[in-house]
Protein chains: 2
Amino acid sequence: MKYISILGSTGSIGVNTLGIIQHYPDRFKVLGLAAGSNVDLLEEQCRRFKPAAVSLKHEAAARQLQDRLGRGGTKVYWGAEGLIKVAALDQVQLVVSAMVGIAGLMPTLAAIEAGKDIALANKEILVMAGELLMRKVAEAGVSLIPVDSEHSAIFQCLQRVNKQEVARLILTASGGPFAGWLSSRLAEVTPEQAPRHPTWKMGDKISVDSATLMNKGLEVIEAQWLFDMGVDRIGVLIHPQSIVHSMVELTDGSIIAQLGVADMRIPILYALSYPERLPNSLAALDLTKTAGLTFGHPDTERFPCLEYAYQSARVGGTRPAALNAANEVAVAAFLNSEIGFNDIAYIVKQTVDEHPPRKLSGIKQALTADAWARKRARSQLATVN
Amino acid sequence: MKYISILGSTGSIGVNTLGIIQHYPDRFKVLGLAAGSNVDLLEEQCRRFKPAAVSLKHEAAARQLQDRLGRGGTKVYWGAEGLIKVAALDQVQLVVSAMVGIAGLMPTLAAIEAGKDIALANKEILVMAGELLMRKVAEAGVSLIPVDSEHSAIFQCLQRVNKQEVARLILTASGGPFAGWLSSRLAEVTPEQAPRHPTWKMGDKISVDSATLMNKGLEVIEAQWLFDMGVDRIGVLIHPQSIVHSMVELTDGSIIAQLGVADMRIPILYALSYPERLPNSLAALDLTKTAGLTFGHPDTERFPCLEYAYQSARVGGTRPAALNAANEVAVAAFLNSEIGFNDIAYIVKQTVDEHPPRKLSGIKQALTADAWARKRARSQLATVN
């Protein structure tokens, strides 16, 4: 039996994770759940999984949930402390880190320091503080298993090879819903159009990031830390069919690839069961029913965010944290119809270029850079209106 | 330094192997070579690689070569004994088994018994006597590394995988030059047309086998033994682009695949350097330059040899040896314009159906079945003329 806490249990990854856990009652047991403010869903999850401890963002919501659940069963915490309680629960072996953005950083660090293995779905915290996180992971001797389908694919391919044999990692990207569009047409994209991802179902923010290719840029930085590989040995290929989830190119010219249907539950299950692999009832891939698998170079002229991510990674230090923060502000403004689609890249570039990169000697520098970039990006919003 | 003998040094695999060895003088040294009757090429190879011992099929040719080379250097042997000498040379660590057909069986067995690792390019001997060979491999504790691109791919994908995680092996097949042809058009295929394989350069016999899909059938049986997997867990997909060399489907629905350019030198190099992987100057795969990768089911109605191979494998014992022998006779007759393309499958089926399968308790049974099937297949030739 593996004991699990989920940070972000009411989000898309969290809900899918619980769905999987329910299918394997002899293998997995949920001990902790943390959510933002979705009291109703967390209540339902508590009744279904009977965790020892849960946490919500705000005290009022937490008190409300505790009242609904009654005393004596699940203990309800709140705030930053509550998150850390859930992340570091005594018996827990694996923490699924699936909160969106920076809020997941401290509880994930707490879990690592408490010796928990991490199933990581929160790529922003690796982008912001990958160097620090990976150092803590090494010190604690825990496993960090990626949940992103691309990184899960590479993680799986790397299980089969010696590190010295690896020439290059190749992340695949669907290209998003606007691949091939002219820049003038991109300028007219509405918030309603961007989230229509062609092959994966996902939230608004990540759908926009897919459309701008920033998602792939963040994944490049994520891969850099997860696999201890310079970004110039991490390539990106556009693969609209989303069947080859990613690849590892070896020094002898061979490529090892992982393929599957576009269903997040498969990499989630792998992260939960690692180092084992569990049979499941999910649809298997039938390659005779797929369209021809094609691969192309990303168009970084029309979708420059990918290139900005590479540039930030090469500069290093706090630069990627600034990139991520500026992007979050810009995407939120786009989704709020404050700026156009092409303005996202513009805001990111303006902000990052002005950011004086600092060495990342601790979490504080990452948080400071994040706050600086958010403020600066917000002030840039006015310039494009 | 790895010391190597090559059985079949003047054939396509042998020549490619020597070409690779020449590129890595600090890693590989040739100690033994065995050829059939190509004295001129073997002489040239002796002058280039200065092996300790070589062997030819016939005594006269061997004496002629020894005269040309002079005494004191390379020792020239002949016949079955000569083959075994080369296969079991004292210092040799790896024997490349690349003779075509049954003649490679005894020297390969001798090499295994002498504790040599085997790089296996001769699939017929696994088809004939896989059960026995694998038992000897296990007893001797040597490695058997496949050279066939498909099996090399699966071998690579299976590295460090728990066997219980494997749901199915998937061999890819180009489909040969006549995929999609009508049966009536197939009847008119000439020996000159069949060897034009669309993606791989190879010899006449194997090109015809690719066209009939018998090559894939033999590969299914080969995979059965190499990977200790029932044939009903080995699938075949037609993949005309020959980029995905084969795949392993895992119990969780993931597929791990090996991709590369269609160049035999890559799996040969891997087999030589295993368990290491060596950088090389061969063309790397550029997926952005390939056509869309497509996969389909084989057409076993028009190309029934694949199905015959599965049937023989299921019956087991000496049946696959009979299949292989009947096919060799039929392909030779086709190449000699004695029978039509569709008659190859007919001859194979008639012969195999009449073969009373025996248990394969020793090499003798395999050889007897082989001889029986050759004779019977030859007598069938007249019936289709």
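The exercises below, each with a worked solution, explore a predicted model with chains A and B.

## Exercise 1: Two copies

Work out what rotation superposes chain B on chain A, and what kind of axis this is.

Solution.
Step 1. Find the rotation. Chain B falls on chain A after a turn of 180°. The shift along the axis is 0.0 Å, and the RMSD is 0.2 Å.
Step 2. Name the relation. This is a two-fold axis.
Step 3. Check the contact surface. Both copies use the same surface: 97% of the contact residues of chain B recur in chain A.

## Exercise 2: The interface

Describe the contact between chain B and chain A: how many residues does it take from each, and how much area is buried?

Solution.
Step 1. Count residues. Chain B gives 36 residues and chain A gives 36 residues.
Step 2. Take the area. The size of an interface is often given as the accessible area lost when the parts come together. Here the two chains bury about 3300 Å² between them. Carbon and sulfur atoms account for 55% of that.
Step 3. Find the main contributors. Arg160(B), Asp252(B) and Arg277(B) supply 20% of the area that chain B buries against chain A, more than any other three residues.
Step 4. Look for charge pairs. Four salt bridges cross the interface. One of them joins the side chains of Asp252(A) and Arg277(B), at 3.1 Å from N to O.
Step 5. Place the contact on the fold. On the side of chain B that touches chain A, H7, E10, E11 (255-259) and H11 (265-273) each supply at least two residues. The largest share, five residues, comes from strand E11(B).
Step 6. Add the polar contacts. Between the two chains, 17 residue pairs are in polar contact, with both residues at pLDDT 80 or more.

## Exercise 3: A strand with two partners

Determine which strands pair with E8(B), and in which sense, parallel or antiparallel.

Solution.
Step 1. Take E10 (residues 244-250) of chain B. It pairs with E8(B) in the antiparallel sense, over five bridges. Within this pairing, Leu169(B) has Val248(B) as its bridge partner.
Step 2. Take E9 (residues 234-238) of chain B. It pairs with E8(B) in the parallel sense, also over five bridges. Here Ala173(B) stands opposite Ile238(B).
Step 3. Check how covered the strand is. Six of the eight residues of E8(B) are buried.
Step 4. Compare with a helix. In H11 (residues 265-273) of chain A, eight of nine residues are buried. Among them are Ile266(A), Leu269(A) and Tyr270(A).

## Exercise 4: Two asparagines

Classify Asn215(B) and Asn162(B): is each one buried, partly exposed or exposed?

Solution.
Step 1. Recall the cut-offs. Buried is under 20% relative accessible area, and exposed is over 50%.
Step 2. Apply them to Asn215(B). Its value is 7%, so Asn215(B) is buried. This residue sits in helix H10 (residues 214-226) of chain B.
Step 3. Find its company. The side chain of Asn215(B) makes a polar contact with that of Lys123(B), at 2.5 Å. Contacts beyond four places in sequence include Ile206(B) and Asp209(B).
Step 4. Apply the cut-offs to Asn162(B). Its value is 36%, so Asn162(B) is partly exposed. This residue is in the loop between helix H7 (149-158) and strand E8 (166-173) of chain B.

## Exercise 5: Three salt bridges

For each pair, say where the residues lie and whether they are buried or exposed: Asp148(A) with Lys123(A), Asp232(A) with Arg314(A), and Asp209(B) with Lys205(B).

Solution.
Step 1. Start with Asp148(A) and Lys123(A). Their closest N and O atoms are 3.3 Å apart. Asp148(A) is in the loop between E7 (144-146) and H7 (149-158), while Lys123(A) is in H6 (residues 123-140), 25 residues apart. Both are buried. They also belong to a network of salt bridges with Glu150(A), Lys216(A) and Glu219(A).
Step 2. Go to Asp232(A) and Arg314(A). Their side chains meet at 2.9 Å. Asp232(A) is in the loop between H10 (214-226) and E9 (234-238), Arg314(A) in H12 (residues 305-315), 82 residues apart. Asp232(A), at 56%, is exposed. Arg314(A), at 44%, is partly exposed.
Step 3. Finish with Asp209(B) and Lys205(B). The distance is 2.5 Å, N to O. Both lie in helix H9 (residues 204-212) of chain B, four residues apart, about one turn of the helix. Asp209(B) is buried at 2%. Lys205(B), at 19%, also counts as buried.

Technical notes: Residues numbered from 1 in each chain as written. Chains lettered and ligands numbered in written order. Predicted model: local features only at pLDDT ≥ 70, side-chain atom pairs only at ≥ 80, totals over all residues. Heavy atoms only, no water. Buried < 20%, exposed > 50% of the residue type's maximum accessible area, 1.4 Å probe, protein only. Polar contact = N/O pair within 3.5 Å; in protein donor to acceptor, adjacent residues only side chain to side chain. Contact = heavy atoms within 4.5 Å. Least-squares fit on C-alpha atoms with pLDDT ≥ 70 in both. Pairing = 2+ DSSP bridges. Buried area = accessible area lost by both parts, 1.4 Å probe.
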